[in-house]
Amino acid sequence: MRRRDRLGPAGIFRVARGLIHRRGEAAVKRPGSRELCRSADDPRLQELTRQMYEHGRIVASVCHGYTALANVRLSTGEYLIKGKTITGYSWAEEVVAGVSRRVPYNLEALVKQRGAVYTKGLVPLAPYAVGDS
C-alpha cells in the first residue's frame, strides 16, 4: 500500500490499515476487531467502500471485517449490507473465545437489524465462508 494518495486524505490510511486497495479493484476488510470497531464510524472509510461498491468493484470482509461494512450507506440511503448474505465472527464465537468484553457491541445483532442475511457455521470458530453478489 505505497500509494496513500489514491486513498484520499492521509487519515484514511491510518484508519484503514486493514484495508487492501489495489488499483481501485477491490476493498477487503481484514481481521482485527479493535481497529475495525474503532474505524466502523469513519466517514472516509465508509465513502471509499460505498464508491468501490457502486462502481462495481469487489467489497469483501474476513473475520471481524464486516464491522467496517455495517455502517456503510449507499447513495440511495440504504445500508450496503441490506439483503446481502454475510458472515463473520458471531456473538457466540466472541463469548467462546473470551473476547466479548473487549468487543463494544453485538455485531451479529446489529447487521441483522440493518437487513443483512447473517449466516454462521454450525461449529463455533470452525472455517466458514459465504458469498453474495
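Okay, a quick word on terms before anything else: when I say helices and strands, I mean DSSP runs, at least four residues for a helix and at least two for a strand, numbered from the N terminus. With that in hand, reading along the sequence gives you α-β-β-α-α-β-β-α-α-β. That's five helices and five strands.

Now, this is a predicted model, so let's talk confidence. The mean pLDDT of the chain is 77, with 71% of residues at 70 or more. Where does confidence bottom out, and where does it peak? The lowest is helix H1, residues 10-15, with a mean of 37, and the highest is strand S5, residues 117-118, at 96. In fact pLDDT is below 50 over residues 1-17, although that stretch still has 25 contacts in the model beyond near neighbours in sequence. Where pLDDT is low, the predicted coordinates should not be read in detail.

On to the overall picture. The chain has 133 residues, and 38% of them count as buried. If you take contacts between residues at least 6 apart in sequence, 61% of those join residues at least 24 apart. The exposed surface is about 8,000 Å², and 52% of that comes from carbon and sulfur atoms.

Okay, salt bridges. How many are there? The count is five. Let me walk you through some of them.

Start with glutamate 54 and arginine 50, where the closest N and O atoms sit 2.3 Å apart. Both belong to helix H3, residues 43-54, and because they are four residues apart there, about one helical turn separates them. Arginine 50 is buried, at 16% relative accessible area, while glutamate 54 is partly exposed at 33%. And this pair has company: Glu47, Arg50 and Glu54 are linked in a salt-bridge network.

Next up, glutamate 78 and lysine 82, whose side chains meet at 3.3 Å, N to O. Are these two buried, exposed or in between? Glutamate 78 is partly exposed, at 39% relative accessibility, and lysine 82 is partly exposed too, at 45%.

Last one: glutamate 108 and lysine 120, also a salt bridge, at 3.3 Å from N to O. Glutamate 108 is in helix H5, residues 107-113, and lysine 120 is in the segment after S5, so this bridge ties together parts 12 residues apart in sequence. Which side of the 20% cut-off for buried does glutamate 108 fall on? At 8% relative accessibility, glutamate 108 counts as buried. Lysine 120, on the other hand, is partly exposed at 41%.

That's it from me, happy to chat.

Notes: Residues numbered from 1 in each chain as written. Predicted model: local features only at pLDDT ≥ 70, side-chain atom pairs only at ≥ 80, totals over all residues. Heavy atoms only, no water. pLDDT = per-residue confidence, 0-100. Contact = heavy atoms within 4.5 Å. Buried < 20%, exposed > 50% of the residue type's maximum accessible area, 1.4 Å probe, protein only. Areas by Shrake-Rupley, 256 points an atom, 1.4 Å probe, with all protein chains shown as cover. Salt bridge = Lys/Arg side-chain N within 4 Å of Asp/Glu carboxyl O.
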